[in-house]
Amino acid sequence: TTAEPTTEGTTTISNEIKANVEQEVKKTPITFVGDSVLLASANKLREVFPNAYVDGEVGRQLYYSAPIVQKLAQQIVVFVLGSNGAFSAAQIDSLIQAAGNREIFLVTAGYEIKWAKEVNEQLKAAAERYPNVHLIDWGTYAKGHTKEWLFEDEIHPNDTGAAELAN
């Protein structure tokens with residue numbers, strides 16, 4: 001005999017799982033390295049990830065970030081880089097290799113940036129080359145929400161966009 005799942009049971013399990021995941025996330029030490037897009041989201045990220053270390057700098061380029069990564073202690077690193085220019089496969093590989101065996105998450109650039117397609121293709125390719133590298137597709141997720149989620153420059157998240165990026 002098989003039992004049909006009920007909506008109530010599914011909702012309860014989903015909420016329980018979500019609550020457990022949220023608690024684990026709050027306990028997890030995580031490092032964010034990025035540019036001004038990261039800085040615009042830093043407060044919301046710290047709300048979601050209270051144990052986060054945020055290292056952001058206006059105008060930071062991906063290819064200048066390897067020395068920062070080598071000093072990190074956390075096992076999870078999120079890179080929010082690419083809004084200041086494109087980079088080569090060798091440059092992203094160098095950054096990933098500097099991070100070592102950490103779990104790495106690469107956040108795609110918003111599509112309003114003229115080099116976003118090139119940046120996002122490099123990030124996606126890097127995630128496919130390395131088993132410890134994962135892609136967070138912010139560019140696709142934010143597409144169509146420019147007016148609600150971004151400041152007038154159409155690059156930097158406002159409070160609503162920062163909350164969306166953090167979650």
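Begin by selecting β3 (76–80), α4 (89–99) and β4 (103–107). In this predicted model, β3, α4 and β4 form a β-α-β unit that is right-handed. The strands β3 and β4 are paired in the parallel sense, over 4 bridges. To see one of these pairings, display Val77 together with its bridge partner in β4, Ile104.

Next, keep α4 in view and colour its buried residues, which are Ile92, Asp93, Leu95, Ile96, Ala98 and Ala99. What do the buried residues of α4 pack against? They pack against α3, β3, β4, α5 and β5. Just after α4, select Gly100, whose phi is positive at about 75°.

**The central sheet**

Now show the strands together. In what order do the 5 strands of the open sheet stand? The order is β2-β1-β3-β4-β5, with parallel pairing. At the edges are β2 and β5, each of which pairs on one side only. On average, neighbouring strands of this sheet are turned by 20° against each other, direction ignored.

Select β1, residues 30–34, next. This strand is mostly covered, with 5 of its 5 residues buried. Ile30, Phe32 and Gly34 point one way from β1, whereas Thr31 and Val33 point the other way. Two partners of β1 can then be examined in turn:

- Add β2, residues 52–56, which pairs with β1 in the parallel sense over 5 bridges. Here Phe32 stands opposite Val54 in β2.
- Add β3, which also pairs with β1 in the parallel sense, over 5 bridges. In β3, Val80 is the bridge partner of Gly34.

To follow the chain between β1 and β2, select helix α2, residues 36–48. Together, β1, α2 and β2 make a β-α-β unit that is right-handed.

**From β4 to β5**

Move to β5, residues 133–136, which pairs with β4 in the parallel sense over 4 bridges. Phe105 stands opposite His134 in β5. The path of the chain from β4 to β5 runs through α5, and this β-α-β crossover is right-handed. Ile104, already displayed for its pairing with Val77, has Val133 as its bridge partner in β5. With α5 (116–129) selected, one sees this helix packing on the sheet, where α5 touches β4 and β5. The direction of α5 makes about 145° with that of β5.

Before leaving this region, select Lys114, in the loop between β4 and α5. Is Lys114 buried or exposed? Lys114 is exposed, because its relative accessible area is 76%, over the 50% cut-off. For a distance across the fold, mark Ala86 as well: the C-alpha atoms of Lys114 and Ala86 are separated by 9.7 Å, although these residues lie 28 apart along the chain.

**The nonpolar cores**

In soluble globular proteins, nonpolar side chains tend to be buried together. The largest nonpolar core of this model has 26 residues. Which of its residues touch the most other members? These are Phe79, Ile92, Leu95, Ile96, Ile104, Leu106 and Val133. The elements giving two or more residues to this core are α3 (66–70), β3, α4, β4 and α5. A second core, separate from this one, has 18 residues, including Leu38, Ala52, Val78 and Val80.

Return to the largest core and select Leu106. Leaving aside residues up to four places away in sequence, Leu106 touches Phe79, Ile92, Leu123 and Ala126, and also Val133, His134, Leu135 and Ile136.

**The last stop: α8**

Finally, select helix α8, residues 159–166, and colour Gly161, Ala162, Leu165 and Ala166, which are buried. Turn the view to look down the axis of α8: the buried residues fall within an arc of 135°, so they line one face of the helix. An α-helix has 3.6 residues a turn, so residues three or four places apart point the same way. To see what covers the buried residues of α8, add α2, β4, α6 (138–142) and α7 (146–149), which are among the elements covering them.

How values were computed:
Residues numbered from 1 in each chain as written. Predicted model: local features only at pLDDT ≥ 70, side-chain atom pairs only at ≥ 80, totals over all residues. Heavy atoms only, no water. Buried < 20%, exposed > 50% of the residue type's maximum accessible area, 1.4 Å probe, protein only. Core = buried A, V, L, I, M, F, W, Y, C linked by side-chain atoms within 4.5 Å. Contact = heavy atoms within 4.5 Å. Pairing = 2+ DSSP bridges. Right-handed = clockwise from strand over helix to strand, strands pointing away. Axes fitted to C-alpha atoms, helices over the stretch in contact; angles between N-to-C directions. Arc of directions from axis to C-beta.
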